[in-house]
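This briefing walks through a single protein chain, going from one loop residue to the overall fold, the nonpolar cores and the aromatic contacts. Please keep the sequence and the model open while reading.

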Amino acid sequence: MKLHHIGIVCSETDIDRFIFKPKKKYVYFDNHQNNKLIIEYNQFNNLWMEFIIPRNENSTVYKFLNKKGPGVHHIAYKTKNILQKKRALNKKKGFIYINSFKTNIPCFGGLIKTMFFYNNNLIIEFLENFNKK
């Protein structure tokens with residue numbers, strides 16, 4: 001597994017406060033989770049930064065932002081077999097499955113499977129590139 005990206009919840013105006021604000025932006029609208037995603041690739045450490053902006057009160061991160069303010073929401077790892085990873089984590093103590101879905105993020109390679117777990121006050125995302133066969 002390789003560290004793929006860090007997800008940061010913020011408002012549009014909060015982005016300018018971060019040290020690592022995006023220079024080249026990829027902007028997507030995630031209708032599944034009601035979020036605007038501003039994604040930037042940091043070539044110096046091969047890491048993506050995903051700024052997650054709630055679009056409305058139905059957003060998956062709306063309560064997070066209002067309760068905790070802007071900050072790190074999750075850490076994401078790229079995996080080759082997301083189902084195998086899910087089976088392994090379901091057997092481990094302390095890992096709580098949140099959800100999973102497929103989405104299209106072109107800068108991440110197109111269609112991806114993504115899965116979220118909660119452990120020790122941290123949300124961990126796993127993603128796998130998915131090609132239709």
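Thr79 lies in the loop between strand E5 (71-78) and helix H2, and in this predicted model its relative accessibility of 12% counts as buried. Leaving aside neighbours within four places in sequence, Thr79 is in contact with Met1, Lys85, Phe126, Leu127 and Glu128. The points below set this residue in the context of the chain and then turn to other sites.

**Overall fold**

- The secondary structure of the protein chain comes to 2 helices and 8 strands, and from the N terminus on these elements follow the order β-β-β-β-α-β-α-β-β-β.
- For 133 residues, a compact globule would be expected to have a radius of gyration near 14 Å, and the 15 Å of the protein chain agrees with that.
- Taken along the principal axes, the C-alpha atoms of the protein chain fill a box of roughly 40 × 30 × 30 Å.
- Among contacts in the protein chain between residues at least 6 apart in sequence, 53% join residues that are at least 24 apart.
- Buried residues account for 43% of the 133 residues in the protein chain, while the area that the chain exposes is about 8500 Å², with carbon and sulfur atoms supplying 51% of it.

**Nonpolar cores**

- In soluble globular proteins, nonpolar side chains tend to be buried together.
- The largest nonpolar core has 15 residues, of which Val9, Tyr28, Leu37, Ile39, Ile105, Cys107 and Phe108 touch the most other members. The elements giving two or more residues to this core are strand E3 (35-42), strand E4 (47-54) and helix H1 (62-68).
- Apart from this core lies another one, of 9 residues, and its members include Ile8, Ile15, Leu47 and Met49.
- Which residues does Ile105 touch, not counting those up to four places away in sequence? They are Tyr28, Leu37, Ile39, Gly110 and Ile112.

**Aromatic pairs**

- A pair of aromatic rings is described by the distance of the centres and the angle of the planes.
- A search of the whole structure finds 8 aromatic pairs. In one of them, the rings of Phe95 and Phe117 have their centres 6.4 Å apart and their planes at 75°, so this pair is edge-to-face.
- Phe95 lies in the loop between helix H2 (82-91) and strand E6 (96-105), whereas Phe117 belongs to strand E7 (residues 110-119), so their pairing ties together parts that are 22 residues apart in sequence.
- The two partners differ in burial, since Phe95 is partly exposed with a relative accessible area of 21%, whereas Phe117 is buried with a relative accessible area of 0%.
- Phe117 also pairs with Tyr97, with ring centres 5.6 Å apart and planes at 70°, so this pair too is edge-to-face. Because Tyr97 lies in strand E6 and Phe117 in strand E7, the pair ties together parts that are 20 residues apart in sequence.
- Tyr97 itself counts as partly exposed, at 31% relative accessibility, and the charged end of Lys86 sits over its ring, 4.1 Å from the ring centre.
- Ring pairs link Tyr77, Phe95, Tyr97, Phe117 and Phe126 into a cluster; Phe126 is also one of the residues in contact with Thr79.

**Loop residues and backbone angles**

- His32 has its place in the loop between strand E2 (26-30) and strand E3, where it is exposed with a relative accessible area of 53%. His32 and Phe101 are 69 residues apart in sequence and 8.9 Å apart in space, C-alpha to C-alpha.
- Most residues other than glycine have a negative phi.
- Asn34, a residue other than glycine, has a positive phi near 60°. Asn34 lies in the loop between E2 and E3, and its relative accessible area of 21% makes it partly exposed.
- Where does Asn121 lie? Its place is the loop between E7 and strand E8 (122-129), and there Asn121 has a positive phi of about 65° although it is not a glycine. At 69% relative accessibility, Asn121 counts as exposed.

Conventions: Residues are numbered from 1 along each chain as its sequence is written. This is a predicted model: local features need pLDDT of at least 70, side-chain atom pairs count only at pLDDT 80 or more; totals for chains, interfaces and linings use all residues. Side-chain values use heavy atoms; hydrogens and water are left out. Rings of Phe, Tyr and Trp (its six-membered ring) pair if their centres lie within 6.5 Å; planes under 30 degrees apart count as stacked, over 60 as edge-to-face and the rest as tilted. Helices (H or I, at least four residues) and strands (E, at least two) are DSSP runs, numbered from the N terminus. Buried means under 20% relative accessible area, exposed over 50%, partly exposed in between (1.4 Å probe, protein chains only). A charge sits over a ring if NZ of Lys or CZ of Arg is within 6 Å of the ring centre and within 35 degrees of the ring normal. A nonpolar core is a set of buried Ala, Val, Leu, Ile, Met, Phe, Trp, Tyr and Cys residues joined through side-chain atoms within 4.5 Å. Contact means heavy atoms within 4.5 Å. The radius of gyration is taken over C-alpha atoms; the globule rule is 2.2 Å times the number of residues to the power 0.38. Accessible areas come from the Shrake-Rupley method with a 1.4 Å probe; for residues, only the protein chains shown count as cover.
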